[in-house]
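The following paragraphs lead through selected strands, sheets and helix contacts of one protein structure. Please keep the sequence and the three-dimensional view at hand while reading.

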Amino acid sequence: MPPPRFPTSGIRIMTTKLPALKEWVDQIAELTQPDSVHWCNGGSAEYHRLIAEMIETGTLSALNDNGYPNCYLHLSNPNDVARVEHLTFVCTPEQEDAGPNNNWMSPDEAHAKMDALFDGAMRGRTMYVIPYCMGPIDSPYSRCGVEITDSPYVVINMEMMTRMGGDALARIEREGTFVKGLHSTGDLDPERRFIVHFPEELSIQSFGSGYGGNALLGKKCHALRIASHQARTEGWLAEHMLLMGIESPDGETHYIACAFPSACGKTNLAMLIPPHSMPGWKIWTLGDDIAWLHLDEDGVLRAINPESGYFGVVPGTNEKTNKNAFDMIHHNTIFTNVARTADNKPWWEGKKIGEPAYDWQGREYDAANGPAAHPNSRFTAAATNNPSYSKLADAPEGVPISAIVFGGRRKELAPLVYEAKDWQHGVFVGASVASETTAAMVGEVGVVRRDPMAMKPFCGYNFGDYWSHWLSFPKRTSKLPGIFHVNWFRQDEDGKFIWPGFGENLRVLRWIIDRVEGRVEARETPIGFLPNAEDIDTSELDIDAATIRKLTTINPVTWAEEMDAIGEYLETFGDRTPQALLDEQQRIKSELDAVDWPR
Ligand code: SAT
Ligand code: MN
């Protein structure tokens, strides 16, 4: 065998028995011209060596060992701190197949553009080859990929977020297929920044950004955009959902999957600590961002979390809002774009301890420059660091799902919780989710936009076809879970949240489980089943009856307007919109106009 054409970085020379993988890696090295190629094995020696190298180059700095052992801080280029939806493309041969929900470029144009950007892009850099597995390494539901990147920051994040290295490579070699992800930070020029997906080719190319969702290609690019396409052809669902187990005092555990848009509290809900008034209840976290849902042989919907770590929003995390996360990020954590105290500890708005000396751009802190930590600053931590980690997160067969919960950030309109009448209505509820935008993506914050199933930025194909796929499940099983909608974010006229949220949300999840188990009555309204106010446990809460009533009733006039807006939205998908959703919209609209339903 001839010697490798590119020198390796010397720690461990790995290559592969799989010709398709070897050829692809060679071809990318030829195109990008790195100084060296490093195959990542995912071990802790590799992790620590990369950390040491990054500290040396200034890409990373160590935080105070006293209080934050094994914690590091990375500061991004200030122009590169969030996902860039306007620079993200789905490249299907036909534009219709990407749908109005995606930016589209023809595959030929995208390849030409990306080849030009990647040409020689890794000169002077090391090219890392990261074999990874999304999901438990021995699960039939898991899928593998290989990310090639020139960013050591990406490597250490992928190490926490995915099962990466030798075992993943062995599975890839066994199966012979993998998703190809190519990434370079390029020169971080926003004018030369593109994240493109080729679903038919099972490949992703990302250039010009080092930020989370743009650069950790296993996450949104693979586990949602490419996987949603695969899921459609293979009969499963790849969703933007947290996954959690809720154990009652008598030891009964229900698993639920909840879809909320980015930075709407998925991580907080997934790891919540039960309120004082609910002794004996326990929460088990399986995932905080992505769930893959499959029907098993018995027709039961089961879920796995394809990830193995969290890339969570830091600001607002404290002992009260999320004690599990707060404790978890005191060790073995990578912080991105937080501030620092004078004694080199990480600091963020809402931490409630200490004060900032340096902001997220490394400048001396000055309140006139805005928040000390970037509003979308993040922590990366391994899931096993979480005190509420569920060992079933590693179970190859996943967990059975009792309820699917949709939600968004709505200061008005949407009640605290309601239940869809059946699966078809539930798909309509998911399709009509709207939420105020957050700092997780570049753009204006606080604007209400439609975000069906919290998948607006992540569905790799036409939403019309996606809804049809969701609607096809009752043909295959009679054991589907209940579908619900929640809204933790209702505000009063002064802009104050009227529901306490955080751990108290368990009170609402309890109602959901009681509904699933048929243990509690509800009021049937045109939009679904609403709780009777007395069935939401408010013991030990400082909340009055009028507020609870407001949270559990709907305004028929504003809801009729909402139905018109949903109808208009659905029509933007033309003849791809399933008739069943239009029927639901019509039914609800006309029922709202009638007067004889319980308000
Ligand atoms: O940037 S990520 O996509 O990883 C986080 C998020 O926006 O949900
Ligand atoms: Mn997310």
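Strands β13 and β14 form a hairpin with 5 residues between them, and Gly251 in the turn has a positive phi of about 85°. The structure is a predicted model, and the description below should be read accordingly. Within the hairpin, β13 (residues 241–247) pairs with β14 in the antiparallel sense over 7 bridges. One of the pairs that can be located directly is Ile246, whose bridge partner in β14 is His254. Strand β14 (residues 253–259) is mostly covered, with 6 of its 7 residues buried. Besides its hairpin partner, β14 also pairs with strand β24 (residues 403–407), here in the parallel sense and over 4 bridges. In that pairing, Ala259 has Phe406 of β24 as its bridge partner. Strand β14 thus illustrates both senses of pairing, antiparallel with β13 and parallel with β24. In general, strands of a sheet pair through backbone hydrogen bonds, either parallel or antiparallel.

Attention may now turn to an open sheet of 4 strands, in which the order is β12-β16-β17-β23 and the pairing is antiparallel. Strands β12 (237–239) and β23 (399–400) stand at the edges with a single partner strand each, so one side of each is left without a neighbour in the sheet. Strand β17 (residues 301–304) runs antiparallel to β23 and is joined to it by 2 bridges. Across this pairing, Arg302 stands opposite Pro400 in β23.

Helix α8 (residues 218–234) lies across β12 and β16 (291–295), and its direction is at about 160° to that of β12. Thr233 lies in this helix. Is Thr233 buried or exposed? Its relative accessibility is 61%, and because exposed residues are those over 50%, Thr233 counts as exposed. Although Thr233 and His469 are 236 residues apart in sequence, their C-alpha atoms are 9.3 Å apart in space.

His469 falls within the range of helix α12, which spans residues 463–471 and packs with helix α11 (residues 423–431) at an angle of about 150°, the axes being 9 Å apart. Because angles over 145 degrees count as roughly antiparallel, α11 is described as roughly antiparallel to α12. The crossing of these two helices is right-handed. On the α11 side the contact is made by Trp423, Gln424, Val427 and Ala431, and on the α12 side by Trp467, Trp470 and Leu471. Classified by residue type, this contact has 6 nonpolar residues, 1 polar residue and no charged residues.

A further open sheet has 5 strands in the order β2-β3-β19-β22-β18, with mixed pairing. Its edge strands are β2 (61–62) and β18, each of which pairs on one side only. Helix α5 (residues 152–161) packs on this sheet and touches β3 (72–74), β18, β19 (334–336) and β22, while its direction makes about 115° with that of β18. Strand β18 (residues 309–313) is mostly covered, as 4 of its 5 residues are buried. The pairing of β18 with strand β22 (residues 378–382) is antiparallel and extends over 5 bridges. Two positions can be followed across it: Phe311 stands opposite Thr380 in β22, and Gly312 stands opposite Phe379 in β22.

Glu364 is found in the loop between β21 (346–347) and β22. With a relative accessibility of 64%, Glu364 counts as exposed. Leaving aside residues up to four places away in sequence, Glu364 touches Ala357 and Tyr358. The C-alpha atom of Glu364 is separated by 9.7 Å from that of Ala339, which is 25 residues away along the chain.

The last contact to examine involves helix α15 (residues 556–571) and helix α16 (residues 579–593), whose axes come within 10 Å and cross at roughly 160°. That angle makes α15 roughly antiparallel to α16. Here the crossing is left-handed. Helix α15 contributes Pro556, Trp559, Ala560, Met563, Asp564, Gly567 and Leu570, and helix α16 contributes Leu581, Leu582, Gln585, Ile588, Lys589 and Leu592. These contact residues divide into 9 nonpolar, 2 polar and 2 charged.

How values were computed
Residues are numbered from 1 along each chain as its sequence is written. Chains are lettered from A and ligands numbered from 1 in the order in which they are written. This is a predicted model: local features need pLDDT of at least 70, side-chain atom pairs count only at pLDDT 80 or more; totals for chains, interfaces and linings use all residues. Side-chain values use heavy atoms; hydrogens and water are left out. Axes are lines fitted to C-alpha atoms, for helices over the stretch in contact, and angles run from 0 to 180 degrees between N-to-C directions. Angles under 35 degrees count as roughly parallel, over 145 as roughly antiparallel, 65 to 115 as roughly perpendicular and the rest as oblique. A crossing is left-handed if the near helix is turned anticlockwise from the far one by less than a right angle, and right-handed if clockwise. Contact means heavy atoms within 4.5 Å. Ala, Val, Leu, Ile, Met, Phe, Trp, Tyr, Cys and Pro count as nonpolar, Asp, Glu, Lys and Arg as charged, and the others, Gly among them, as polar. Two strands pair if DSSP finds at least two bridges between them. Buried means under 20% relative accessible area, exposed over 50%, partly exposed in between (1.4 Å probe, protein chains only).
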